[in-house]
Every structure is written in C-alpha cells, then in structure tokens.
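These are my notes from an afternoon with one model. I wanted to look at its cysteines and then at its sheet.

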Amino acid sequence: MGDQSNEETDLEGFGAELAFCKLMNIYPDLETGNNLPPYDCVSRFGVTIDVKTTKYPKGHLLATLKKKNNPPDKYVLMVGEFPEYQIVGEIGADEFLQDSNIGNLGKGDGFMLTQAELNPINI
C-alpha cells in the first residue's frame, strides 16, 4: 500500500520474509506465480504467517481489506530496508482483521495497527 514500484515491493517483501525465516529457523515459501497461499511461511508448530514490512522506523502493520477473505493465522511486522530488517511484533489475524482496525494513510482503506499495538514474537 504505497507509491513504490512492483519491483521494490517484491524485493522488500521477499527480503523481510527471508530475514524472518532465518531468525525463526524455518523455511520460506519460495513458490511464485498465481494461486499462492495466503501466508509466507509456516512455523514449526504449524502456524501460518504473513510477513509484512515497512521501511519507516515507526511504520504501521498494514494489510488490504481482501486479506479478511482468506487470512493466515498470524501477521508479523518487519522494519527495515533490503538487506537489513528487525522484527517488531506479531498479531493474530482474528485480532488484526477487525472493522475497528480499518484506516487510511492516503492510499486507500486497509487494516492497520501501530507498532505499540503488536505483541512480542511468540511463534
């Protein structure tokens, strides 16, 4: 949800996913193409995770409204720019994808939470 190019979105998204998986000692889903699952990786406990990233140090966790149709179990926010990222926190999809969390930062409506509203990583 921003003005960045598709290439930058893909690079930052993949970089954050790979960094998260490396830190959690799990494998990322490396599939490409259409009909992809609604998650980026699966924890060793079977929890499906969608990794989101922002380059803004105080950036929000954001997701499009269509994510409510087929959500993962959890969302994780990473902050940084390729190739360096930090884990900020996580939240369950059931908590995140609530109408009360819909907002607009100038690029259309979507689900959003501040970093302070996220939970410590417990995956």
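How many disulfides does the count come to? I kept in mind that this is a predicted model, and, taking a disulfide as a pair of cysteine sulfur atoms within 2.5 Å, I arrived at a count of zero.

Entry on the cysteines. I looked up Cys 21 and found that the closest cysteine sulfur to its own is that of Cys 41, at 3.8 Å, which is too far for a bond. Approached from the other side, Cys 41 is likewise in no disulfide, with the sulfur of Cys 21 as the nearest cysteine sulfur, 3.8 Å away. I then checked the accessibility of both residues: Cys 21 counts as buried at 1% relative accessibility, and Cys 41 is buried as well, with a relative accessible area of 2%.

Entry on the sheet. I traced four strands forming an open sheet with mixed pairing, and I wrote their order down as E1-E2-E4-E5. The edges are strand E1 (41–42) and strand E5 (84–92), each of which pairs on one side only. Helix H1, which covers residues 6–24, packs on this sheet and touches E1, E2, E4 and E5, and I noted that its direction makes about 80° with that of E5.

Entry on one pairing. I followed strand E2 (residues 48–54) alongside strand E4 (residues 74–81), and found that the two run parallel and are joined by six bridges. For a single example I looked up Asp 50, whose bridge partner in E4 is Tyr 75.

Key:
Residues are numbered from 1 along each chain as its sequence is written. This is a predicted model: local features need pLDDT of at least 70, side-chain atom pairs count only at pLDDT 80 or more; totals for chains, interfaces and linings use all residues. Side-chain values use heavy atoms; hydrogens and water are left out. Two strands pair if DSSP finds at least two bridges between them. Contact means heavy atoms within 4.5 Å. Axes are lines fitted to C-alpha atoms, for helices over the stretch in contact, and angles run from 0 to 180 degrees between N-to-C directions. Buried means under 20% relative accessible area, exposed over 50%, partly exposed in between (1.4 Å probe, protein chains only).
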